[in-house]
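Let's walk through a model together, one question at a time. Have the viewer open and follow along.

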Amino acid sequence: MVRLAWHSSGTYDKMSKTGGSGLGTMRFKEEFSHGANAGLADTAIKWMEDIKSKYGDGLSYADLYTLAGAVAIKTLGGPQVAWGSGRKDSMDPADVTPDGRLPAADSGSAGADPTDASHLRTIFGRMGFNDQEIVALSGAHALGRCHTTASGYDGPWTPTPTLFNNAYFTLLTSVEWTPKKWEGPYQYEAANGSIMMLPTDIALVKDKKFAKYVKAYAKDEALFMKDFSAAFSKLLSLGTSGLTPVYA
Amino acid sequence: MADRTSDRRTFVSSSVAAGILGTFVIDSSYPLIARADGGAVDYTAVAADIADLVRWRIVVMSRVMFSHVCTV
């Protein structure tokens with residue numbers, strides 16, 4: 001559900017002012033079939049249908065998908081995320097943005113240095129996020145895991161994938177991460193193989209500007225919670241205007 | 001939602017018995033400070049339903065080690 005909210009919002013382009021969370025287009029096949037959204041249609045998007053049908057037309061998909069992310073974060077021990085209502089669903093799949101606006105976990109183009117941080121800056125910069133916000137948002141990897149059936153990657157980032165905390169950062173800075181020897185996509189693993197990191201995660205500690213924030217969040221969970229809340233709230237409102245504050 | 005109540009109870013009881021959920025602190029509070037749309041939608045109720053769904057997925061994940069809370 002966190003991923004549904006994030007991917008619904010992360011298509012925003014600040015230059016063209018297209019994409020974002022405002023239109024609920026993730027429900028269209030034209031969008032949920034994008035490679036980065038693999039698995040969402042059979043999970044979070046499907047689960048939201050029960051709630052959507054209960055509340056009817058008064059509740060837009062766009063509001064529901066974003067609220068789901070905020071509530072999931074809070075329910076799993078994270079901070080309260082300010083959220084506003086008022087998104088109105090598009091009825092036209094033509095409003096779906098082109099594939100490729102979300103980050104690629106392998107850092108983008110084929111042959112690229114898998115720990116090259118420029119891909120993250122390009123993608124998140126297009127949405128309007130700075131280095132500090134990029135690192136804070138990456139902390140959502142405290143939750144969940146990768147599946148070979150979805151992204152091809154495999155494993156959780158932390159030993160506690162249903163708890164929202166700063167474990168992602170403490171592990172990034174304290175574990176010796178080595179490339180996983182397997183037939184799957186390039187990823188990193190801890191010595192015992194129980195937890196993993198994506199190339200884009202390792203990029204955060206390889207890049208000095210990013211690493212400054214990784215270390216700060218590893219040391220100070222309260223700071224991470226505060227910064228994540230602000231950045232995630234900003235993410236959920238990308239591509240919208242005139243929302244009515246509901247939760248603050 | 002109601003159809004899975006019995007299943008949920010089964011999952012919760014078996015997971016709790018296994019001690020899997022012992023460390024989870026579930027907080028469903030999400031204070032309402034305003035209601036949009038002239039009261040057309042009770043977002044507190046929507047949030048409560050979403051929180052319930054999140055808990056349900058935690059239990060399922062605890063059971064089968066399969067998380068879709070934040071999955072890539």
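The questions below go through this predicted model, from domains to strands.

Q: Which helix of chain A gives the largest share of the side of domain 1 that touches domain 2?
A: The domain assignment splits chain A into domain 1 (2-100 + 229-247) and domain 2 (118-228). On the domain 1 side, 18 residues are in contact with 21 residues of domain 2. Five residues of that side come from one helix, residues 221-236 of chain A, and this largest share belongs to helix α10.

Q: How many residues on the side of domain 1 of chain A that touches domain 2 are nonpolar?
A: Contact here asks for C-beta atoms within 7 Å, and 18 residues of domain 1 of chain A meet domain 2 in this way. Of these, two are charged and five are polar, while the nonpolar ones number 11.

Q: What distance separates the centres of domain 1 and domain 2 of chain A?
A: The centres are taken over C-alpha atoms. For domain 1 and domain 2 of chain A, the separation comes to 22 Å.

Q: Which residue in β5(A) is the bridge partner of A:Pro179?
A: Chain A has an open, antiparallel sheet with the order β4-β5-β6. Its edge strands, β4 (178-179) and β6 (196-197), each pair on one side only. Two bridges join β4(A) to β5 (residues 188-189), and in β5(A) the partner of A:Pro179 is A:Tyr188.

Q: What percentage of the residues of chain B count as buried?
A: Chain B has two helices and zero strands. A residue is buried if 20 or more other C-beta atoms lie within 10 Å of its own. Among the 72 residues of chain B, the buried share is 26%.

Conventions. Residues numbered from 1 in each chain as written. Chains lettered and ligands numbered in written order. Predicted model: local features only at pLDDT ≥ 70, side-chain atom pairs only at ≥ 80, totals over all residues. Helix = DSSP H or I, 4+ residues; strand = E, 2+ residues; numbered from the N terminus. Buried ≥ 20, exposed ≤ 12 C-beta atoms within 10 Å, placed from the backbone. Domains from an automatic or database assignment. Contact = placed C-beta atoms within 7 Å. Nonpolar A, V, L, I, M, F, W, Y, C, P; charged D, E, K, R; others polar. Pairing = 2+ DSSP bridges.
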